[in-house]
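Here are some notes to read beside the structure, set out as numbered points. Please keep the sequence and the three-dimensional view open while you go through them.

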Amino acid sequence: MLEVRDLMVFYENALAVNDLSLEVRQGEVVGVFGSNSAGKTTLLNTVAGLTLHLQQRERRKGGMRITLGGAIRLDGEEIGGLSPRARVERGVVLCRERHPVFRDNTVEENLTLGAYLRPSGELKRGLESVYELFPPLVALRKRKAGMLSGGEKEMVAIGTALMARPRLLLMDEPLLGLSPLMQAEVVRGARAIARRGVTILISEQYARPILPIIDRGYVIENGALVVSGTGAELLDNPEVKSAYFGV
Ligand SMILES: Nc1ncnc2c1ncn2[C@@H]1O[C@H](COP(=O)(O)OP(=O)(O)O)[C@@H](O)[C@H]1O
Ligand SMILES: [Mg+2]
């Protein structure tokens, strides 16, 4: 479904993604693991089109130079030159890191914003399906999103992404900063999303909490691929195991 070939991202002179290739097949849940600054966010932002958007904005301002290289293909079609919006329309939707929400808007307003490219007739069913997935949000519907806990905000952020009806959902460190209980809730949510037929590419610093739901994973360091394989194969690699599985 998604094929990333020889992807390169330079910010000014810093190499954030270095000749990275990976693939996500239809129906898979694929993990990308790497420490802080490994390039996880840059990878997902580049697949979603945000890096291209930033590059174009910086060019107009005469600011930071961003250089992009490589190919990003969705179902065989090159999408690396498309706007973020055009990628959303093709079903590629990003849930950004640190559970961003519109703080002064209610939970339901946040979710509704996620559906801005969808026909309005879908809204009700979309909301119902997010509330089915994350029942704690029902009681919080009218609450300002800024008042929520980190875990609740993450549910809103994921729910907002789902309102855009992704075929490929990109999740950037959804577990970051959450309690173990909330992490379990988000992992359960991700599994349920996958069961609904959504393909998922998920980044995390540590692999262990999402090991039960991934089909395969890639470990990256300094923007470059270190090793890839099934969860069991990654666990078999002693260095990977100590660095990314916390054992
Ligand atoms: N907007 C940016 N401008 C300049 N450098 C950036 C920017 N975003 C990320 N970087 C650099 O790119 C590298 C990869 O960062 P990032 O993709 O955020 O990694 P991760 O998400 O794995 O922590 C880091 O060295 C970071 O400092
Ligand atoms: Mg990041």
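1. A good place to begin is glutamate 58, which counts as buried because its relative accessibility is 9%, under the 20% limit. Please bear in mind throughout that this is a predicted model. The side chain of glutamate 58 meets that of lysine 61 in a salt bridge, with 3.8 Å from N to O, and lysine 61, by contrast, is exposed, its relative accessible area being 58%. The two residues are three places apart in helix 2 (residues 50-61), so about one helical turn separates them. In an α-helix there are 3.6 residues a turn, so residues three or four places apart point the same way.

2. A pair with a similar arrangement can be looked up in helix 5 (residues 123-133), where lysine 124 and glutamate 128 are four residues apart and thus separated by about one helical turn. They form a salt bridge whose closest N and O atoms are 3.3 Å apart. Lysine 124 is exposed, with a relative accessible area of 62%, while glutamate 128 is partly exposed, at 36%. The pair also belongs to a network of salt bridges that links Lys124, Arg125, Glu128 and Glu132.

3. Arginine 118 and glutamate 122 form a salt bridge too, and here the closest N and O atoms are 2.9 Å apart. Both ends are partly exposed, arginine 118 with a relative accessible area of 29% and glutamate 122 at 23% relative accessibility. The count of salt bridges in the model comes to 16. Side chains of opposite charge can pair when their charged atoms come close.

4. Helix 5 deserves a further look from its other residues, since Gly126, Leu127, Ser129, Val130, Tyr131 and Leu133 are its buried ones. What covers these buried residues includes helix 4, helix 6 and helix 7 (180-195).

5. Which residues touch the most other members of the largest nonpolar core? They are Leu137, Ile158, Leu169, Ile193, Ile200, Ile210 and Ile214, in a core of 48 residues. Helix 6 (residues 150-162) gives the most to this core, namely six residues. Apart from this core lies another one, of 26 residues, which includes Leu22, Ala48, Ile72 and Leu74.

6. Isoleucine 200 can serve as an example to inspect by eye. When its neighbours within four places in sequence are left aside, isoleucine 200 is in contact with ten residues' worth of names worth finding in the view, among them Val24, Val29, Leu168, Met171 and Ala194. Glu28 is also in contact with isoleucine 200.

7. The magnesium ion (ligand 2) is coordinated by Thr41 through OG1 and by Glu97 through OE, at 1.9 to 2.4 Å. Threonine 41 lies in helix 1 (residues 40-48), and glutamate 97 lies in the loop between strand 6 (92-95) and helix 4 (107-113), so the pair ties together parts that are 56 residues apart in sequence. Glutamate 97 counts as partly exposed, at 24% relative accessibility.

8. The largest pocket has a volume of about 650 Å³. Its lining is made up of 23 residues, and Val93, Leu94, Arg96, Tyr116 and Thr160 lie nearest its centre. Helix 3 (84-89), strand 6, helix 4 and helix 6 are the elements that give two or more residues to this lining.

9. Two aspartates should be checked for their backbone angles. Most residues other than glycine have a negative phi. Aspartate 19, in strand 2 (residues 14-24), has a positive phi near 55°, and aspartate 75, in the loop between strand 4 (66-74) and strand 5 (77-78), has a positive phi near 50°. Aspartate 19 is partly exposed, with a relative accessible area of 44%, and aspartate 75 is partly exposed as well, with 46%.

10. Is tyrosine 218 buried or exposed? At 6% relative accessibility, tyrosine 218 counts as buried, and its place is in strand 9 (residues 216-221). Leaving aside neighbours within four places in sequence, its contacts include Ser21, Leu22, Val30, Phe33, Leu225 and Val227. Tyrosine 218 and threonine 230 are 12 residues apart in sequence, and their C-alpha atoms are 8.8 Å apart in space.

Key: Residues are numbered from 1 along each chain as its sequence is written. Chains are lettered from A and ligands numbered from 1 in the order in which they are written. This is a predicted model: local features need pLDDT of at least 70, side-chain atom pairs count only at pLDDT 80 or more; totals for chains, interfaces and linings use all residues. Side-chain values use heavy atoms; hydrogens and water are left out. A nonpolar core is a set of buried Ala, Val, Leu, Ile, Met, Phe, Trp, Tyr and Cys residues joined through side-chain atoms within 4.5 Å. Buried means under 20% relative accessible area, exposed over 50%, partly exposed in between (1.4 Å probe, protein chains only). Contact means heavy atoms within 4.5 Å. Donors are N, O and S atoms within 2.8 Å of the metal (3.2 Å for Na, K and Ca); water is not among the atoms, so sites may look incomplete. A salt bridge is a side-chain nitrogen of Lys or Arg within 4 Å of a carboxyl oxygen of Asp or Glu. On a 1 Å grid over the protein atoms alone, a cavity is a set of points where a 1.4 Å probe fits but cannot get out, and a pocket is an open set with protein on both sides within 12 Å along at least five of seven lines; lining residues have an atom within 4 Å of a point. Grid points are joined across faces, edges and corners, and a volume is the space filled by probe spheres set on the points.
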